[in-house]
Amino acid sequence: PAGVDALELGAALGLVIARPACRVAEAEALGHVGALLVAADLSVPHASFYRPSVRFKALDGSCRLGTPVARDGLDPDALEIRVEVDGRPVQQASTARFQRHAARLLAEVSAFMTLHPGDVLLTGVPFGAPQVRAGQRVRIAIGGVGSLELDFVAEGS
């Protein structure tokens, strides 16, 4: 966007909901997930992350989603995440190190809101998200799930 030098690139695993999830137990939560996808959660970086106003951080259309793939035995809590900018690796992480495992996150979210088929719940982004600028190309890959490639251009280009 105009007036923004860079965007923060949050590489995330998305859980695609296959059947309604309302107050589901953690032990049953992953049974509501039909597919997984790669997501890029883009935001305006801020010096302090202490409760920034969403309207100063989020942008319309700032969550880009890859192609869903069937879960078929993939463990959402044991996947490698790799981010490259202009062909150079800038971040490597694992969903195994996330604060909450996927089933617990889905159970906790479904305790206060119903998720419907087709909804996507992001499992979180690794600490230290890289920043990207206009003119750069990004590739996010999540083992077994696939990849998502994005080109960044200045607004109005």
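Which residues are buried in α3? In this predicted model, they are Ala102, Ala103, Leu105, Leu106, Ala107, Val109 and Ser110. Helix α3 spans residues 102–110. Seven of its nine residues are buried, so the helix is largely enclosed by the rest of the structure. Several elements help to cover the buried residues of α3. Among them are two strands, β1 (7–17) and β2 (33–43). The cover also includes helix α1 (26–29) and strand β7 (120–122).

Threonine 123 was examined next. This residue lies in the loop between β7 and β8, the latter covering residues 131–132. Its relative accessibility is 11%. Buried means under 20%, so threonine 123 counts as buried at 11%. Threonine 123 touches Ala102 and Leu105, which are both among the buried residues of α3. Its other contacts are Leu13, Leu15 and Phe98, not counting residues up to four places away in sequence. Leu13 and Leu15 fall within the 7–17 range of β1.

The strands were then considered. Strands of a sheet pair through backbone hydrogen bonds, either parallel or antiparallel. Here, four strands form an open sheet in the order β6-β5-β9-β10, with antiparallel pairing. Strands β6 (88–94) and β10 lie at the edges, and each pairs on one side only. From one strand to the next, the twist averages 15°.

Inside this sheet, β5 (residues 80–85) pairs with β9 over five bridges, in the antiparallel sense. In that pairing, isoleucine 81 stands opposite isoleucine 142 of β9. Strand β9 (residues 137–142) is also joined to β10 (residues 146–151). Six bridges link these two antiparallel strands. Across them, isoleucine 140 stands opposite leucine 148 in β10. Strands β9 and β10 form a hairpin with three residues between the strands. Within the hairpin, glycine 144 takes a positive phi near 80°.

Cysteines were considered last. A disulfide is a covalent bond between the sulfur atoms of two cysteines. A search of the whole structure finds zero disulfides. How accessible is cysteine 22, with what relative accessible area? Cysteine 22 is partly exposed, with a value of 36%. Cysteine 63 is partly exposed too, with a relative accessible area of 36%. Partly exposed lies between the buried limit of 20% and the exposed limit of 50%, so cysteine 22 at 36% belongs in that class.

Technical notes
Residues are numbered from 1 along each chain as its sequence is written. This is a predicted model: local features need pLDDT of at least 70, side-chain atom pairs count only at pLDDT 80 or more; totals for chains, interfaces and linings use all residues. Side-chain values use heavy atoms; hydrogens and water are left out. Two strands pair if DSSP finds at least two bridges between them. A disulfide is a pair of cysteine sulfur atoms within 2.5 Å. Buried means under 20% relative accessible area, exposed over 50%, partly exposed in between (1.4 Å probe, protein chains only). Axes are lines fitted to C-alpha atoms, for helices over the stretch in contact, and angles run from 0 to 180 degrees between N-to-C directions. Contact means heavy atoms within 4.5 Å.
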